[in-house]
Amino acid sequence: MMPRLSQTRQITLPESPIKALMGPDFYRLDPHVQARFAHEPEPGQTILYEGVMERVHCSAAGWLFAQAARLIGSPLTAHRGVDIPMQVRLTLCEKGGVYWQRTYGFKRPVVVTSAKRENVKGRLCEYVGLGFGMRLNVFAKDGALHFVSERYFWEVAGIQMPLPHWLTPGRTHVTHTDLGGGDFRFAIAMDHAVLGRTFYQTGRFHESA
């Protein structure tokens, strides 16, 4: 189901930085993907997506990265499973951008939160806690929206200090693909140059009323 945005809301809602950064490439996205990413949530509004993660996997190396990441707010899940219920909540950040809160319905729920926003140089970044994050390249391909990490960093006072590639879980590639009927596929893969694939998740979701 596409977001129910009236013509007035489309005019008054702030444009998403993703749309602004993509420029004409934004219109190569499937129209339903465009509708989901054209605008940020309104102040105080929560956009809720629900679905099932058909596969949640991490390698032994990924499990170690997830344990280490607990020091900065547990941005990675060390769990594995199939057909895991999941909710994704989008809310507006106080500093601009959007919080993405993912709740995995394991026997003991796991909550992972990140924030997508521009840095001081106007680059799209995803922040996960204590100033750690990654710069993202965003583009359209075959109607799907792709986020690919360029560099992990630690940010202090607006200055981003790059982290060595070997010290990270690897190149992150996130895709958002429309499936029709109001459903979309969310998939994330992390690939380390030496350790191989450390994380992989894929699932089917829809917007909740």
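**Helix 4 and its surrounding strands**

In this predicted model, the exposed residues Ala60 and Leu64 are carried on the face of helix 4 that is turned away from the buried side of that helix. The buried residues of helix 4, which spans residues 60–69, are Ala61, Gly62, Phe65, Ala66 and Ala69. Because these buried residues cover an arc of only 140° around the axis, they are placed on the same side of helix 4. The partners against which the buried residues of helix 4 pack are three strands, namely strand 1 (47–58), strand 10 (183–192) and strand 11 (196–207).

Strand 1, one of the strands that receive the buried residues of helix 4, is itself paired with strand 11 in the antiparallel sense, and nine bridges are found between these two strands. Within this pairing, Cys58 has Phe199 of strand 11 as its bridge partner. Strand 1 is also paired with strand 2, which comprises residues 81–92, and this pairing is likewise antiparallel, over nine bridges. Two positions illustrate the register of strand 1 and strand 2: Tyr49 stands opposite Val88 of strand 2, and Val56 stands opposite Gly81 of strand 2.

From strand 2 the pairing continues to strand 3 (residues 98–104), to which strand 2 is joined by seven bridges, with the two strands running antiparallel. Here Thr91 is placed opposite Tyr99, a residue of strand 3. Strand 2 and strand 3 form a hairpin with five residues between the strands, and in this hairpin Gly96 adopts a positive phi near 95°. As a general point on such elements, the side chains of a regular strand alternate between the two faces of the sheet.

A further position considered in the model is Leu136, which lies in strand 6, a strand formed by residues 132–141. Leu136 counts as buried because its relative accessibility is 4%, whereas the cut-off for a buried residue is under 20%. When its neighbours within four places in sequence are left aside, the residues in contact with Leu136 are Lys116, Arg123, Leu124, Cys125, Glu126, Phe147, Val148 and Ser149. For one of these contacts, that with Ser149, the two residues are 13 residues apart along the chain, while their C-alpha atoms are separated by 4.5 Å.

How values were computed:
Residues are numbered from 1 along each chain as its sequence is written. This is a predicted model: local features need pLDDT of at least 70, side-chain atom pairs count only at pLDDT 80 or more; totals for chains, interfaces and linings use all residues. Side-chain values use heavy atoms; hydrogens and water are left out. Buried means under 20% relative accessible area, exposed over 50%, partly exposed in between (1.4 Å probe, protein chains only). Helices (H or I, at least four residues) and strands (E, at least two) are DSSP runs, numbered from the N terminus. The arc is that of the directions from the helix axis to the C-beta atoms. Contact means heavy atoms within 4.5 Å. Two strands pair if DSSP finds at least two bridges between them.
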